[in-house]
Protein chains: 2
Amino acid sequence: MGYSIGQVAKKTGLTAHTLRYYEKEGLLPFVKKSGSGLRVFTDVDLDWLSMIECLKETGMPLKGIKQYIDWFLEGDSTLEKRLEMFKQHQKNLETEMQKLKKHMARISYKIKLYEKAVETGSLEKAQTDAEIIKERQKIFPEK
Amino acid sequence: MGYSIGQVAKKTGLTAHTLRYYEKEGLLPFVKKSGSGLRVFTDVDLDWLSMIECLKETGMPLKGIKQYIDWFLEGDSTLEKRLEMFKQHQKNLETEMQKLKKHMARISYKIKLYEKAVETGSLEKAQTDAEIIKERQKIFPEK
DNA sequence: ATTTGACTTAGAGTTACCTCTAGACTGCAA
DNA sequence: TTGCAGTCTAGAGGTAACTCTAAGTCAAAT
């Protein structure tokens, strides 16, 4: 019914160092200490870590995550702020995804190009290949 | 038919500082200098910058990008390596996108939750709402 | 001819996010 | 009870990717 820092490190893939660092930065406000000073993590803390991971991996800086946690701790008076934060984050994320998709198309094109190049032994030859040029035009319609 | 560092900065959204930094790091091996030592960028350099942007925004560190450029400069003997690099990068990217999608679903859920919470003035009330619980189960089927 | 603004270099400083060290303490197993 | 892995704190160190400073050069406009 409680986890040591090492157990949580294994569960989350973070290091114990990082968990202490997160706590120091105010990202884990619910972690308790045992009588002898050892951290005792609960499932609530694991839920928070999972939310932190979600926000971090979608590009929110630790400061932003901390802001959210601080608002959470302030209680229901900050509900609008938190909603607004999530909405903004979602918007950023959608923009980001659009960009990623374009970049992926470009990388797929590069793979086709380099497959052709490896086949013929020459990048230049591949670049003048009719199929490749057609492919390229899909990704760079302006050119 | 050549661009100054300031013109390229405007075109790309990077600062002149950053462009010099990229050059120092070996990311812009084709940029020439005028007689008086000013950098002269060409369209080829803009193409490279655009590729650098693509790789950087898809999470490749500058070192990885430099490796690619170094291989490019070595010529056709590194075609396989470059193909392999792009394939690996594509794989990473696909994994990343899957993760992002999951995170986005979670953020959408949070928005619904907080919309409900703002409506009722209480996060706790919102969390016990039947619709919200159903929504939550879509994202956390295990719970 | 002078001013204005962009450009040059080398190198120091910044921010975010860890990552590690040292030296001490804890808790369980043999 | 001895040993050893795990944990503690405070604080230093590291890395990536910029970002800026200083001190000076260059070039177009007035």
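So, A:K33 first: one of its polar side-chain atoms sits 2.7 Å from a phosphate oxygen of DNA strand D. I'm calling that a polar contact, meaning a pair of N or O atoms within 3.5 Å; within protein, one must be able to donate a hydrogen and the other to accept it, and residues adjacent in sequence count only if both atoms are side-chain atoms.

Quick housekeeping. This is a predicted model, where local features need pLDDT of at least 70 and side-chain atom pairs count only at pLDDT 80 or more, while totals for chains, interfaces and linings use all residues. Residues are numbered from 1 along each chain as its sequence is written, chains are lettered from A and ligands numbered from 1 in the order in which they are written, and side-chain values use heavy atoms, with hydrogens and water left out.

Back to strand D. A:R20 also has a polar side-chain atom by a phosphate oxygen, at 3.0 Å, and for B:K63 the distance is 3.1 Å. What share of the strand's atoms within 4 Å of the protein belong to sugar or phosphate? It's 72%, and the rest belong to bases.

There are 17 residues around the strand, and A:S4, A:G6, A:K33, A:R39 and B:Y22 come nearest. "Near" here means that a heavy atom of the residue lies within 4 Å. Which helix gives the largest share of that surface? That's α2(B), with four residues. Helices, by the way, are DSSP runs of H or I, at least four residues, and strands are runs of E, at least two, numbered from the N terminus.

Now, the two protein chains. Chain A can be laid on chain B with an RMSD of 0.1 Å, by a turn of 180° and a shift of 0.0 Å along the axis. So the copies are related as by a two-fold rotation axis. In chain A, A:M97 has the C-alpha nearest that axis, 4.0 Å away. For the fit, we superpose by least squares on C-alpha atoms of residues with pLDDT of at least 70 in both copies.

Last stop, A:D76, in the loop between α4 (62-74) and α5 (79-120) of chain A. Buried or exposed? Partly exposed, because its relative accessibility is 37%; buried is under 20%, exposed over 50%, and partly exposed in between, with a 1.4 Å probe and protein chains only. Leaving out residues up to four places away in sequence, A:D76 touches A:R82, B:G121, B:S122 and B:L123, where contact means heavy atoms within 4.5 Å. And B:G121, just after α5(B), takes a positive phi of about 80°.
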